Structures are given as structure tokens and as C-alpha cells.
Amino acid sequence: MESKRQEKIARMLQKELGEIFMLYAKKMQGIIISVTNVKVSPDLSITHNSLSVFPSEKGREVLELVKQDTKSIRFELGKRVRNQLRIIPELVFHLDESLDYLERIDNLLKSDPPSPVSEED
């Protein structure tokens, strides 16, 4: 269970990372990157950030680019939150595939339903 401080820092980092990725995605035409979840370790030294990428086909490719640019993203984050945090946490990025999962479920529900099974006794 996260403490109140962890939750507040996670919300702040999610907001700031969202703004950073909005500018970051402008370089890549036709791609939207959003930060869906931020988990902060108890000692505030590591964050696990879930990224949602649209279109989802480019998710893995964008995640690799983000991982390569982690140092510059952390530097930009540090400039934005230097007055709130003494130590800027290490950033670990993951791909959030929950929207793809929901879309698959939705498509399965919209497809032809199986014929009802009648039980005759």
C-alpha cells in the first residue's frame, strides 16, 4: 500500500511526464503518448511508468525510443520538479496494453455469439 506522500509524488510525476511526452510525441508525427500509471518506490528513488501509445502497432517501437532517451527525459523532469523533490527518481518505462486488451474483449463480444445450448432432460 502506498503512503500519501508516494501517491502525491506519483500524481505530480504523472502530470509532468504527460506534458513532457506531449512535447516528445510532436517530434514523431501521428503518435500520441500518454502516461497511464506511475508507481513510486517507498524510498522515492525509482518510478515505474506505464505508457499508452496510439496507434498501438507502434507501441514497442516507441517504447524502445523512450528507453533510449530516458536520461534526457529524466533531466527534463528534474528541471520541472527540482523545487518539489531533492532527488529525481530513476525512470523505468513499461508499455500499457490494457486498452488493446479491452478492445480485443469488445471485439469478441461483438462477434457472432455462440448458439445457445439447450439442455433436454
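In which helix is Leu 109 found? The close-ups below, all taken from a predicted model, take up this question and a few others.

**View 1. Leu 109 belongs to helix H4 and to a nonpolar surface patch**. The helix that holds Leu 109 is H4, which covers residues 98-110. Leu 109 has a relative accessible area of 70%, and because exposed means over 50%, Leu 109 counts as exposed. Together with Leu 99, Tyr 101, Leu 102 and Ile 105, Leu 109 makes a nonpolar patch of about 540 Å² on the surface.

**View 2. Three strands make an open sheet in the order S1-S2-S3**. The pairing in this sheet is mixed. Strand S1 (32-40) and strand S3 (90-95) each have a single partner strand, so these two stand at the edges, with one side of each left without a neighbour in the sheet. On average, neighbouring strands here are turned by 30° against each other, direction ignored. For orientation while you look along a strand: in a regular strand, side chains alternate between the two faces of the sheet.

**View 3. S1 and S2 form a hairpin**. Here the two strands run antiparallel and are joined by eight bridges. To find your way, look for Ser 34, whose bridge partner in S2 is Ser 52. Five residues lie between the strands, and in the turn you will meet Leu 44, which has a positive phi of about 60°.

**View 4. S2 and S3 run parallel**. Strand S2 spans residues 46-54, and six bridges join S2 to S3. A handy pair to locate is Asn 49 and, opposite it in S3, Phe 93.

**View 5. The largest nonpolar core has 26 residues**. Phe 21 and Ile 33 are the residues with the most contacts inside this core. Two or more residues come from each of helix H1 (4-26), S1, S2, helix H2 (59-68), helix H3 (70-81) and S3. H1 gives the most, with eight residues. As background, nonpolar side chains tend to be buried together in soluble globular proteins.

**View 6. Ser 3 lies in the segment before H1**. Is Ser 3 buried, partly exposed or exposed? Its relative accessibility is 34%, and because partly exposed runs between the 20% and 50% limits, Ser 3 counts as partly exposed. If you follow the chain from Ser 3 to Tyr 24, 21 residues apart, the C-alpha atoms of the two are separated by 31 Å.

Key: Residues numbered from 1 in each chain as written. Predicted model: local features only at pLDDT ≥ 70, side-chain atom pairs only at ≥ 80, totals over all residues. Heavy atoms only, no water. Pairing = 2+ DSSP bridges. Helix = DSSP H or I, 4+ residues; strand = E, 2+ residues; numbered from the N terminus. Axes fitted to C-alpha atoms, helices over the stretch in contact; angles between N-to-C directions. Patch = residues over 30% accessible without salt bridge, like charges linked within 9 Å, V, L, I, M, F, W, Y side chains within 5 Å. Areas by Shrake-Rupley, 256 points an atom, 1.4 Å probe, with all protein chains shown as cover. Salt bridge = Lys/Arg side-chain N within 4 Å of Asp/Glu carboxyl O. Buried < 20%, exposed > 50% of the residue type's maximum accessible area, 1.4 Å probe, protein only. Core = buried A, V, L, I, M, F, W, Y, C linked by side-chain atoms within 4.5 Å.
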